[in-house]
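Good morning, and thank you for the time on today's agenda. I should like to introduce a structure that is new to this group, beginning with its pockets and then turning to its sheets and helices.

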Amino acid sequence: MVDPAPIPPPAIEAMEPYVSARMLTAFSKDATFLDANENPFDPDLGVFETDGLQHYADEAREQLEHAYARFAGVDAECVFAARGIDEVIDLVVKAFCEPHIDRVAAFTPTYGQYRVTSDIQRCAFTSLPYDDSLSLQDGLAKIAAGDFRVVFLCRPNNPTGHLAPGDEVDLLLKTAPRGTIIAVDEAYIEFCHAETCVDRLKQFPNLVVMRTLSKAFGLAGIHTGFCLADKRVLTTLAKVANPYPLPGPCSQIALRALEDDNVAQMQNRVRYLCEVRDSFAGELRSLVGMTRLVASETNFVAACFADGPSLYAELRNRGIHIRELPPMLGQSGWLRFSIGTREQMEDVLGTLVDADTATSLRAARS
């Protein structure tokens, strides 16, 4: 008789895991992938050094934190390097939340990993829905009540692409009780760099800013991120972090990406992607079947269509992979388009225009 598999705790058994784009569709060079908000350009940073890979390279992490501090305009003691923003999310909840006691909240719809991490840590999660105008106002009163230990705000937000106004962020920081961690996810901040919350760190010691090299820098493959916060917060995170968190080769590549000429290259590519994004969004607005489009400050566009599932299926049939979103903001039929090259977005538009024309013809005949 075969022994039964170990049974997980009820909370883990019942939880819904985060499903990444690559879990839905395996990567293939023969298709166009616009489903994971990746950068379409190879960063072209050269080959990293292989000498010394038999040793743990903790000094590389310290160098990386100093380099990112210079890029972000903060003191090096306010930077903690990690395995992407996902690890920072995990460390913040793990370090500051007591299981079964503390509560976590996030403004939604948003990145699903906030909830998954809270569930794993056995912390009750509360969704603070954006109103129809995508304002934070409805959630501020709940935060002021002091019921939450950590509040996540993705800014600019995934999957909508919108940017919460700076005055609302200031109100959030002033409204939150002193013991509440306000964790602002700035994964896409390079696409609207002037809107960063970094300049608020000295005024609000409960503010945590999370950053990544995966999006604008085009380095999703090395999964490297940063936490910017008061040094007392970072000291706490370090207590619960895994030993030797960053592989040496990842640190080497990240250090090279943060050199001045490569930062300039990143900024040029960001400008290009923003131009393509705005042109693509303008074309989407002309489609009869589109019912809503959110103005984006990221490298993707979220739009709602009367026949969203059919458009999603047609794009996949043509080898173009985008992200189909669950219902949000009171509507279903949402699709998220990562911004690729101009040619890739023209291929997407060609498919959407063909479908829109067919829909219009059917309507005219009826």
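What volume does the second largest pocket have? The model before you is a predicted one, and in it the second largest pocket has a volume of about 550 Å³. This pocket is lined by 25 residues, and those closest to its centre are Tyr-18, Ala-36, Asp-86, Tyr-111 and Lys-215. Two helices, α2 (21-24) and α4 (84-96), each supply at least two residues of this lining. Helix α4 gives the most, with three residues. By residue class, the lining of the second largest pocket comprises nine nonpolar, eight polar and eight charged residues.

Let us turn to the largest pocket. Its volume is about 670 Å³. Here, too, the lining holds 25 residues, and Tyr-18, Thr-110, Tyr-111, Gly-112 and Pro-326 are the closest to the centre. Tyr-18 and Tyr-111 are therefore names to keep in mind, as they appear in both lists of central residues. Four elements give two or more residues to the lining of the largest pocket: the strands β3 (103-108), β4 (124-129) and β12 (323-324), and the helix α5 (113-120). Of these, α5 gives the most, with four residues. The lining of the largest pocket divides into 14 nonpolar, five polar and six charged residues.

I now move to the sheets. Strands of a sheet pair through backbone hydrogen bonds, either parallel or antiparallel. One open sheet of this model is formed by seven strands in the order β2-β8-β7-β6-β5-β3-β4, with mixed pairing. At its edges stand β2 (79-82) and β4, each of which pairs on one side only. On average, neighbouring strands of this sheet are turned by 20 degrees against each other, direction ignored.

Within the seven-stranded sheet, β3 pairs with strand β5 (residues 150-154) in the parallel sense, over three bridges. Val-104 has Val-150 in β5 as its bridge partner. Helix α8 (residues 231-240) lies across β2, β7 (207-212) and β8 (225-229), and runs at about 135 degrees to β8.

How many strands form the open sheet in which the pairing is antiparallel? Four strands do so, in the order β9-β10-β13-β12. Its edge strands are β9 (290-293) and β12, and each pairs on one side only. Between β9 and strand β10 (residues 300-305) there are three bridges in the antiparallel sense, and Arg-292 stands opposite Cys-304 in β10.

Two helices accompany this sheet. Helix α10 (residues 260-285) packs on the sheet and touches β9, β10 and β13 (334-338), its direction making about 5 degrees with that of β10. Helix α11 (residues 308-317) lies across β10, β12 and β13, and runs at about 35 degrees to β13.

Finally, the chain as a whole. It contains 12 helices and 13 strands. Its radius of gyration is 21 Å, close to the 21 Å that the globule rule gives for 366 residues, so the chain is as compact as a globular protein of that length. Along its principal axes, the C-alpha trace spans about 65 × 65 × 50 Å.

Methods. Residues numbered from 1 in each chain as written. Predicted model: local features only at pLDDT ≥ 70, side-chain atom pairs only at ≥ 80, totals over all residues. Heavy atoms only, no water. 1 Å grid on protein atoms, 1.4 Å probe; cavity = no way out; pocket = protein on both sides within 12 Å on 5 of 7 lines; lining within 4 Å. Points joined across faces, edges and corners; volume = space filled by probe spheres on them. Nonpolar A, V, L, I, M, F, W, Y, C, P; charged D, E, K, R; others polar. Pairing = 2+ DSSP bridges. Axes fitted to C-alpha atoms, helices over the stretch in contact; angles between N-to-C directions. Contact = heavy atoms within 4.5 Å. Rg over C-alpha atoms; globule rule 2.2 N^0.38 Å.
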